[in-house]
Amino acid sequence: MSWVYTLAGHEVELRDPRPSQVVISDIAHHLSLINRFNGATTRPYSVAEHLLLVSEIGERELRLSVHGQLAALLHAAHLTWLGDIAEPVRAELGDAWRVIESRFAAQVRACFGVAAASAAHRAVIEQADRMAIATARRDLLPVGARPWPGHENVNAVTWANLADAGRARFEPSDWRQAFMDRYAELDFARNEATARWLGRKGSH
């Protein structure tokens, strides 16, 4: 078997994912149910929640444009079909993981029109991702958990507390809706910004 199911009923071929099967509702649903860090957190912490935090860090801390914020929100959306594998395990898998991850990540970027933004803002998105990981390590992982290589000197954000009781009460359906809402907000803002740019360009 070389395909996986999605909530929408798609049978997505791992060797040849089709654009028609890459839909935001599947992404939001699956990622709201897939836990980060192999579940080694004090409460369920989903990929959807993580990506929302990465996008917000990009906006609040790193001044990413709406294009960059959308790319940040979707930068790990390929885990919808692959699941979230801990970094040390990915390193052990080596090229096998990198090949399939690249295949699905490229399909997501193409389907949602964020390929250019992902390339232009790659370093900033990676920094926002590391800051989100540092925040989760501070708030949700066991005390004294060692940072992974490359994460040693990354600061957690001060304005988010992932151990907050309000966050802990959120259900997967809440994170799914929050992801959908953030996507809709950023997609609208991205299209508005593009339209303004085209209007200015056409006036010259």
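**Note on helix packing and buried residues**

1. V108 is found in helix 6. The model discussed here is a predicted one. V108 counts as buried because its relative accessibility is 2%, and the cut-off for a buried residue is under 20%. Setting aside neighbours within four places in sequence, V108 is in contact with V22, L74, A77, H78 and W81. V108 and A71 are separated by 37 residues in sequence, while their C-alpha atoms lie 9.9 Å apart in space.

2. A second buried residue to examine is L79, which belongs to helix 4. Its relative accessible area is 2%, so L79 is buried. Which residues does L79 touch, not counting those up to four places away in sequence? They are L31, I34, V47, D84, R90 and W97. L79 can also be set beside Q21: the two are 58 residues apart in sequence and 14 Å apart in space, C-alpha to C-alpha.

3. The contact between L79 and L31 may also be read from the side of L31. Not counting residues up to four places away in sequence, L31 touches S46, V47, A48, L51, A76, A77, L79 and T80. V47 therefore appears in the list for L31 and also in the list for L79.

4. The next point concerns the nonpolar core. The largest such core has 51 residues. Within this core, the residues with the most contacts are I27, L31, L73, L74, F112 and F179. At least two core residues come from each of helix 1 (24-33), helix 2, helix 3 (66-73), helix 4 (79-82), helix 6 (95-111), helix 8 and helix 10 (172-202). Which helix gives the most to this core? It is helix 8, with 8 residues.

5. Helix 3 deserves separate attention. How many of the 8 residues of helix 3 are buried? The number is 6, and helix 3 is thus described as mostly covered. The buried residues are G68, Q69, L70, A71, A72 and L73. The elements that cover them include helix 2, helix 7 (115-120), helix 8 and helix 10.

6. The packing of helices can now be considered pair by pair. Two packed helices are described by the angle between their axes and the distance between the axes. For helix 2 and helix 3, the axes come within 8 Å and cross at roughly 160°. The two helices are therefore roughly antiparallel to each other, as the cut-off for this term is an angle over 145 degrees. Helix 2 passes helix 3 in a right-handed crossing. Helix 2 contributes L51, L52, V54, S55 and E59 to the contact, and helix 3 contributes Q69, A72 and L73. By class, these residues divide into 5 nonpolar, 2 polar and 1 charged.

7. Helix 3 also packs against helix 10, at an angle of about 150° and with the axes 9 Å apart. This pair is therefore roughly antiparallel as well. The crossing of helix 3 and helix 10 is left-handed. On helix 3 the contact is made by V66, H67, Q69, L70 and L73, and on helix 10 by F179, R182, Y183, L186, D187, A189, R190, A193 and T194. The contact has 8 nonpolar, 3 polar and 3 charged residues.

8. The third pair is helix 2 (residues 47-60) and helix 8 (residues 122-140), which pack at an angle of about 120° with their axes 8 Å apart. This angle makes helix 2 oblique to helix 8. The crossing of helix 2 past helix 8 is right-handed. The contact joins H50, L53, V54, I57 and G58 of helix 2 to I125, A128, D129, M131, A132, I133 and T135 of helix 8. By class there are 8 nonpolar, 3 polar and 1 charged residues in this contact.

9. Finally, two loop residues should be checked for their backbone angles. Most residues other than glycine have a negative phi. N38, although not a glycine, has a positive phi of about 55°. N38 lies in the loop between helix 1 and helix 2 and counts as exposed, at 61% relative accessibility. R63 likewise has a positive phi, near 60°. The place of R63 is the loop between helix 2 and helix 3, and R63 counts as exposed because its relative accessibility is 77%, the cut-off being over 50%.

Notes. Residues are numbered from 1 along each chain as its sequence is written. This is a predicted model: local features need pLDDT of at least 70, side-chain atom pairs count only at pLDDT 80 or more; totals for chains, interfaces and linings use all residues. Side-chain values use heavy atoms; hydrogens and water are left out. Axes are lines fitted to C-alpha atoms, for helices over the stretch in contact, and angles run from 0 to 180 degrees between N-to-C directions. Helices (H or I, at least four residues) and strands (E, at least two) are DSSP runs, numbered from the N terminus. Angles under 35 degrees count as roughly parallel, over 145 as roughly antiparallel, 65 to 115 as roughly perpendicular and the rest as oblique. A crossing is left-handed if the near helix is turned anticlockwise from the far one by less than a right angle, and right-handed if clockwise. Contact means heavy atoms within 4.5 Å. Ala, Val, Leu, Ile, Met, Phe, Trp, Tyr, Cys and Pro count as nonpolar, Asp, Glu, Lys and Arg as charged, and the others, Gly among them, as polar. A nonpolar core is a set of buried Ala, Val, Leu, Ile, Met, Phe, Trp, Tyr and Cys residues joined through side-chain atoms within 4.5 Å. Buried means under 20% relative accessible area, exposed over 50%, partly exposed in between (1.4 Å probe, protein chains only).
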